[in-house]
Amino acid sequence: MPVEKRNDNEYEIEFRNVSFKYPGSDTYALINLSLKLKIGEHFAVVGRNGSGKTTFIKLLTRLYDPQEGEILLNGINIQKYDYVDYLRLFSVVFQDFKLFAFSAGQNVAADVHYDKERVMECLDKAGVGNRIRKMSKGLDTPLYKIDADGVEISGGEAQKIAIARALYKDAPFVVLDEPTAALDPVAEFEVYSKFQDIASDKTAIYISHRLSSCRFCDNILVFNQGELIQSGSHDELIQDEDGQYYKLWNAQAQYYREDPRKSRLHG
Ligand code: ADP
């Protein structure tokens, strides 16, 4: 069935006792996950590598269906909705996002035809508008060196263009999988802050590999070996000295303090 079009964007998603194993695997990648993504709330998802963060997003965006439990959109199992229609609810910036060898403008719109003014607005919000304006053909400049006018952009700029694309789509749910290798902690904090800005009136999920970038998020979800084991704000979570969040924070804290400029930023 089609997803109900709501002008008020009142879409709420609930995971109810969801467990999932990848095809051919004996172990659970997610175990008995229950949570509600309430409208307008912002979540940061943290946890060691392999703890289930990406799997959670894959189930949310229906790349896989859970074997146990159910995922509900406004009370109805998401599998009952038309797939393409359902995906319209999400803007997802994956870590391995792809820019296409098309023009800058087409990359933002993910379409050949687009509203130039709105594309520029999105690029400005993502913090990369001036870089595009300075290119010889502006929005028509091909990204990557496919022809003489083509421009090679950096990893950080590509990330911002991917954010602009998510903005242009203007979906009620925004998901950002934080880049691990491409950005230093300061740049990462900048991406996170921008993401918070652009997602201000949306339901937002931020997959974080460095805890420093999401310490100001009110809803931090801590995953461990496929389970959601803690949730709360940084200030709440850090008080539980036996908790996983405390361990993760301390394991990474030394890294933040190496450079005094960074420790000022991250407190
Ligand atoms: P994270 O995003 O927190 O690093 P993942 O959700 O990618 O963790 O992984 C959760 C678990 O699922 C891990 O044990 C991982 O090895 C396993 N896994 C991830 N992708 C696949 C896959 N395509 N096939 C089989 N197992 C997978």
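The legends below describe close-up views of a predicted model.

**Figure 1. Overview of the predicted chain.**
Ten helices and ten strands make up the secondary structure of the chain. The chain has 267 residues, of which 50% count as buried. Among contacts in the chain with a separation of 6 or more, 65% are between residues 24 or more positions apart. The exposed area of the chain is about 13200 Å², and 46% of this area is supplied by carbon and sulfur atoms.

**Figure 2. The shell around the ligand.**
Y22 and A29 belong to this shell, as do R48, N49, G50, S51, G52, K53, T54 and T55. By class, two of the shell residues are nonpolar, six are polar and two are charged. Helix α1 (residues 53-60) contributes three residues, the largest share of the shell.

**Figure 3. Polar contacts to oxygen atoms of the ligand.**
A polar side-chain atom of T54 lies 2.4 Å from a ligand oxygen. For K53, a polar side-chain atom is found 2.9 Å from an oxygen atom of the ligand. G52 takes part through its backbone, with an N or O atom 3.1 Å from an oxygen atom of the ligand. On its own, the ligand has 560 Å² of accessible area, and the protein covers 60% of this area.

**Figure 4. The buried and exposed sides of helix α4 (residues 116-126).**
V119, M120, C122, L123 and A126 are the buried residues of α4. These residues lie on the same side of the helix, because the arc they cover around the axis is only 160 degrees. An α-helix has 3.6 residues a turn, so residues three or four places apart point the same way. Exposed residues E117 and K125 sit on the face of α4 turned away from the buried side.

**Figure 5. The two ends of helix α4.**
At the N-terminal end, D115 acts as the cap of α4. A side-chain oxygen of D115 is 3.2 Å from the backbone nitrogen of E117. Just after the helix comes G127, with a positive phi of about 85 degrees.

**Figure 6. The surroundings of I198 in helix α7 (residues 185-198).**
I198 counts as buried because its relative accessibility is 11%, under the 20% cut-off. Beyond its neighbours within four places in sequence, I198 is in contact with K125, I163 and L167. K125 is also one of the exposed residues of α4. The C-alpha atoms of I198 and A164 are 9.3 Å apart in space, while the two residues are 34 residues apart in sequence.

Key:
Residues are numbered from 1 along each chain as its sequence is written. This is a predicted model: local features need pLDDT of at least 70, side-chain atom pairs count only at pLDDT 80 or more; totals for chains, interfaces and linings use all residues. Side-chain values use heavy atoms; hydrogens and water are left out. Helices (H or I, at least four residues) and strands (E, at least two) are DSSP runs, numbered from the N terminus. Buried means under 20% relative accessible area, exposed over 50%, partly exposed in between (1.4 Å probe, protein chains only). Contact means heavy atoms within 4.5 Å. Accessible areas come from the Shrake-Rupley method with a 1.4 Å probe; for residues, only the protein chains shown count as cover. A residue is near a molecule or strand if one of its heavy atoms lies within 4 Å of it. A polar contact is a pair of N or O atoms within 3.5 Å; within protein, one must be able to donate a hydrogen and the other to accept it, and residues adjacent in sequence count only if both atoms are side-chain atoms. Ala, Val, Leu, Ile, Met, Phe, Trp, Tyr, Cys and Pro count as nonpolar, Asp, Glu, Lys and Arg as charged, and the others, Gly among them, as polar. The arc is that of the directions from the helix axis to the C-beta atoms.
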